[in-house]
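Colleague: I've got this one open on my screen and I'd like to go through a single part of it slowly with you. Could you take me through one strand and whatever sits around it?

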Amino acid sequence: HAVKSFPLYHQYATWCPPGVQWNQDGLAFCWTWSGTATLLDVRALEDKPTVLLAPVSMGYLVGWGNRGNSLESYIQGAREDGVCPAVNGEFNSLQRKASYWQPYDAERAKYRLDAVWDTNAGAGDATMLQHCLSILSYGRPLFIAYNWWSHALECVGIRWAEGKYLNVVWQIRNSHNEDDIIELEGTKGVPDEAYGFISTVPVSEV
């Protein structure tokens, strides 16, 4: 395979389709751009219909202000309420008015997160690597955060640096308008927080 990452190299077109740019455009909403990206990828892995979701629709969790948020808060909101579909396909919308999203509240329930696997944050780099590998080997992406960057992202895979024993390169989907994954090497790429999004709510339960 041209992209020798583990384990999602064969799903590259799913989590990084050509020409798609994920862009929070300066808004302090990395927590929902990355969380929603992870949710969309899990839906794709479940072979559910492709429906673009709007990250900014989760702005109600911070009162629609231009503020950061915790990963746990996003997960709770995505489980309980779901994420609104993108209006007119505009998944990078920056629209932050409650009245704008209120008509789509009923649609949220169709796009809810279900099972999530946590990792043992704070247990050390080796343990975090082990837990992340377990989730990636299950075939699911990671919703992650870095303290040094004050940033939330999606991890879609890892690869081993050529000629470097056990030097892990983390493959990350960012929300700063990149047209491809970014890579973080070694301990700098080890997340401080990581959650594996395992499944979404079945259609029969909506």
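Which residues of β2 lie on one side and which on the other, and are they buried or exposed?

Modeller: Happy to. Keep in mind that this is a predicted model. On one side of β2 you have Leu142, Ile144 and Tyr146, and on the other Phe143 and Ala145; all of them are buried, and both faces of the strand are covered. That split fits a general habit: side chains in a regular strand alternate between the two faces of the sheet. Since five of the five residues of β2 are buried, the strand is largely enclosed by the rest of the structure.

Let's see what does the enclosing, starting with the sheet. It is an open one of six strands, in the order β1-β6-β2-β3-β4-β5, with antiparallel pairing. The edges are β1 (116-118) and β5 (182-185), and each has a single partner strand, so one side of each is left without a neighbour in the sheet. On average, neighbouring strands are turned by 35° against each other, direction ignored.

β2 has β6 and β3 beside it in that order. With β3 it runs antiparallel, joined by five bridges. You can pick out one of the pairs by eye: isoleucine 144 has leucine 153 of β3 as its bridge partner. Four residues lie between the strands in the β2-β3 hairpin, and one to click on there is serine 150, with a positive phi near 50°. That catches the eye because most residues other than glycine have a negative phi. Towards β6 there are four bridges, again antiparallel, and here alanine 145 stands opposite glutamate 193.

Now for what packs on the sheet. Helix α3 touches β1, β2, β3 and β6, and its direction makes about 20° with that of β6. Helix α6 (residues 125-137) lies across β1, β2, β3, β4 and β6, running at about 80° to β3. So that you can place these two helices, the whole protein has six helices and six strands, and along the sequence they follow the pattern α-α-α-α-α-β-α-β-β-β-β-β.

The nonpolar cores also bring us back to β2. As a general point, nonpolar side chains in soluble globular proteins tend to be buried together. Here the largest nonpolar core has 34 residues, and Phe143 is among those with the most contacts inside it, along with Tyr74 and Phe197. The elements giving two or more residues to this core are α2 (30-45), α3 (71-80), β2 (142-146) and β6 (193-197). Its largest share, seven residues, comes from α2. If you centre the view on tyrosine 74 and ignore its neighbours within four places in sequence, the contacts include Phe143 and Phe197, as well as Trp31, Leu39, Met58, Leu61 and Val83. Then there is a second, separate core of 17 residues, which includes Ile144 together with Leu136, Trp170 and Val190. Phe143 belongs to the first of these cores, while Ile144 belongs to the second, and these two residues are on opposite sides of β2.

Trp170 takes us along to β4, which makes a nice companion to your strand. Six of the six residues of β4 are buried, so β4 too is largely enclosed by the rest of the structure. Val168, Trp170 and Ile172 are on one side, with Val169, Gln171 and Arg173 on the other, and all of them are buried. Strand β3 (residues 151-160) pairs with β4 (residues 168-173) over six bridges in the antiparallel sense. Along that pairing, isoleucine 158 stands opposite tryptophan 170, and tryptophan 160 stands opposite valine 168. Beyond β4, four bridges make an antiparallel pairing with β5, where glutamate 185 is opposite valine 169.

For context, 50% of the 206 residues in the protein are buried. Of the contacts with a separation of 6 or more, 69% are between residues 24 or more positions apart.

Definitions and conventions:
Residues numbered from 1 in each chain as written. Predicted model: local features only at pLDDT ≥ 70, side-chain atom pairs only at ≥ 80, totals over all residues. Heavy atoms only, no water. Core = buried A, V, L, I, M, F, W, Y, C linked by side-chain atoms within 4.5 Å. Buried < 20%, exposed > 50% of the residue type's maximum accessible area, 1.4 Å probe, protein only. Contact = heavy atoms within 4.5 Å. Pairing = 2+ DSSP bridges. Axes fitted to C-alpha atoms, helices over the stretch in contact; angles between N-to-C directions.
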